[in-house]
Amino acid sequence: MIFSTAIGIVFLLSMPLSSIGEVTFIAKSITRDNFRSVIKFRKDSAMYLNISSSLRIWVDKTSACTVACIRNSSCFSFNVAAQPDANSRFWCEILATDKYNTTTDRIEKNSSSVHYSIATRCYDMPCLNGGTCQASYHDDNYSCTCRPEYPGRNCDEAGLRPETPARSCKQIRDDVRPSLQINSGQFWLDPAGIQESLPSFCDMATDGGGWTLVMRYLITIIPPVFVYSSNYQTIKDYNRGDVLPNVYAYAQLRTHIGFVQLRFRCYKQSVGRTIDIMTTNDSAGAAVLHHFLDSPSPPPACGSFVRLPDDNSNLTRSCMKWGLAGSQTMVNRWSRSDYLGPARIFADPIVWFGARSFNAHLNGPKYPRCDDYVDSVSIGDYWEIYFR
């Protein structure tokens with residue numbers, strides 16, 4: 001059917017409004033502030049865009065409502081009756097806005113109405129993490145209004161640049177870019193939300209990713225050296241390899257972020273095995289965090305952690321042999337009773353006394369240990385602690 005308008009614009013109706021929810025009008029010449037020449041309408045059945053100002057007309061068929069919208073340069077969407085009235089006519093409301101450029105609570109369920117809006121790039125919901133999309137008709141584009149913690153073109157750039165830091169690696173993994181493959185590496189974090197950007201390492205692969213590296217002790221010289229820290233901001237120094245944050249730094253981080261899991265990982269070349277475990281996300285794992293970050297009270301070991309795929313250590317297979325309580329060994333506990341100070345999170349947090357341990361602590365002639373009890377290290381050996 002050909003419709004000829006008073007202003008000399010010719011529209012070709014390609015098909016009636018159909019159940020597939022889309023109708024296309026092809027125009028020889030049409031402008032809506034330089035809008036493209038092919039207009040598609042998206043159909044929302046049983047929906048009604050409720051705005052106070054609209055132009056209501058009566059039409060003999062719903063396609064006439066579509067034409068009326070196209071002919072009105074102020075129209076960006078319309079409501080039309082789902083069924084004709086007693087006189088076989090349909091009410092039609094011409095709207096000067098659309099569901100993207102108005103508050104979302106104005107689009108309502110209504111079985112007596114069908115809502116049509118000009119198809120825009122907002123239809124594909126490009127604005128992530130609670131952002132709202134505003135259609136830009138003059139250039140077939142869109143813009144996103146993002147929540148402050150999720151900046152960027154599509155509200156998904158937190159952590160990717162110093163100007164847009166995320167709160168944690170887990171936020172990046174779960175919220176910012178949940179559907180994308182993200183490689184492990186350096187991201188930018190602002191744990192306290194105080195507009196600081198700390199370069200930080202995120203493991204985005206292990207057990208679903210989202211692990212923030214807090215400590216990396218890397219042997220680069222022998223004898224090795226280290227620096228204690230009580231400040232969480234030393235996560236930015238992960239490449240140095242000689243910073244050992246104590247429990248106060250972890251407690252600060254948990255105050256800002258509220259993490260619920262710890263992960264311990266180490267490797268010594270002379271041993272040839274890797275320790276890689278994470279605490280469980282339940283009451284048993286919570287007791288481990290309480291011990292390390294709040295009040296030292298060594299909790300049971302067995303049942304409080306999970307061995308990760310890279311773990312091939314002997315120590316983690318023998319949780320009943322962990323712990324030291326006074327003179328009693330192998331008590332199925334984290335830590336040792338004589339190492340309960342601020343360094344307890346990296347000084348024998350896991351120990352089979354006299355046989356094997358995870359220990360990044362330098363204490364006189366005693367060197368760090370990883371699934372062994374030998375006071376020797378090699379260049380490249382490392383100890384890491386993460387949170388999530």
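Contact here means heavy atoms within 4.5 Å. The structure is a predicted model, in which local features need pLDDT of at least 70 and side-chain atom pairs count only at pLDDT 80 or more, while totals for chains, interfaces and linings use all residues. Residues are numbered from 1 along each chain as its sequence is written, and side-chain values use heavy atoms, with hydrogens and water left out.

## Overall composition

The protein chain has four helices and 24 strands, where helices (H or I, at least four residues) and strands (E, at least two) are DSSP runs numbered from the N terminus. Of its 388 residues, 51% count as buried; buried means under 20% relative accessible area, exposed over 50%, and partly exposed in between, with a 1.4 Å probe and protein chains only. The protein chain exposes about 17,600 Å², of which carbon and sulfur atoms supply 51%, the areas coming from the Shrake-Rupley method with a 1.4 Å probe and, for residues, only the protein chains shown counting as cover. Among contacts between residues at least 6 apart in sequence, 56% join residues at least 24 apart.

## Strand 7 and the residues after it

Strand 7 (residues 90-95) is mostly covered, six of its six residues being buried. In a regular strand the side chains alternate between the two faces of the sheet. In strand 7 both faces are covered, with Phe90, Cys92 and Ile94 buried on one side and Trp91, Glu93 and Leu95 buried on the other.

Two strands pair if DSSP finds at least two bridges between them. Strand 5 (residues 55-59) pairs with strand 7 in the antiparallel sense over five bridges, and Ile94 of strand 7 is the bridge partner of Leu55. Strand 6 (residues 77-81) also runs antiparallel to strand 7, joined to it by four bridges, with Ser77 opposite Leu95.

Thr97 is found in the loop between strand 7 and strand 8 (107-118), and its relative accessible area of 17% makes Thr97 buried. Leaving aside residues up to four places away in sequence, Thr97 touches Leu49, Ile51, Phe76, Ser77 and Thr102.

## The seven-stranded sheet

An open sheet of seven strands has the order 11-12-13-24-16-17-18, with antiparallel pairing. Strand 11 (185-189) and strand 18 (305-307) stand at its edges with a single partner strand each, so one side of each is left without a neighbour in the sheet. From one strand to the next the twist averages 35°. At one edge, strand 18 is joined to strand 17 by three bridges, the two running antiparallel, and Arg307 in strand 18 is the bridge partner of Ile277.

## Nonpolar cores and helix packing

A nonpolar core is a set of buried Ala, Val, Leu, Ile, Met, Phe, Trp, Tyr and Cys residues joined through side-chain atoms within 4.5 Å. The largest has 44 residues, of which Phe264, Trp334, Ile345 and Trp383 touch the most other members. At least two residues of this core come from each of several elements, including strand 13 (211-218), strand 16 (262-267), strand 24 (382-387), helix 3 (247-257) and helix 4 (283-293). Helix 4 gives the most to this core, with four residues. Apart from it lies another core, of 29 residues, among them Cys69, Phe90, Cys92 and Ile118.

Helix 3 and helix 4 pack at an angle of about 125°, with their axes 9 Å apart; axes are lines fitted to C-alpha atoms, for helices over the stretch in contact, and angles run from 0 to 180 degrees between N-to-C directions. Helix 3 is therefore oblique to helix 4, since angles under 35 degrees count as roughly parallel, over 145 as roughly antiparallel, 65 to 115 as roughly perpendicular and the rest as oblique. Val247, Tyr250, Ala251 and Arg254 of helix 3 make the contact with Leu289, Phe292 and Leu293 of helix 4.

## Backbone details

The peptide bond from Ile222 to Pro223 is cis, with omega near 0°, and Pro223 lies in the loop between strand 13 and strand 14 (227-229). Two residues with positive phi that are not glycine are set out below.

| Residue | Phi | Location | Relative accessibility |
|---|---|---|---|
| Ala46 | about 55° | strand 4 (residues 38-49) | 32%, partly exposed |
| Asp348 | near 55° | loop between strand 20 (328-329) and strand 21 | 1%, buried |
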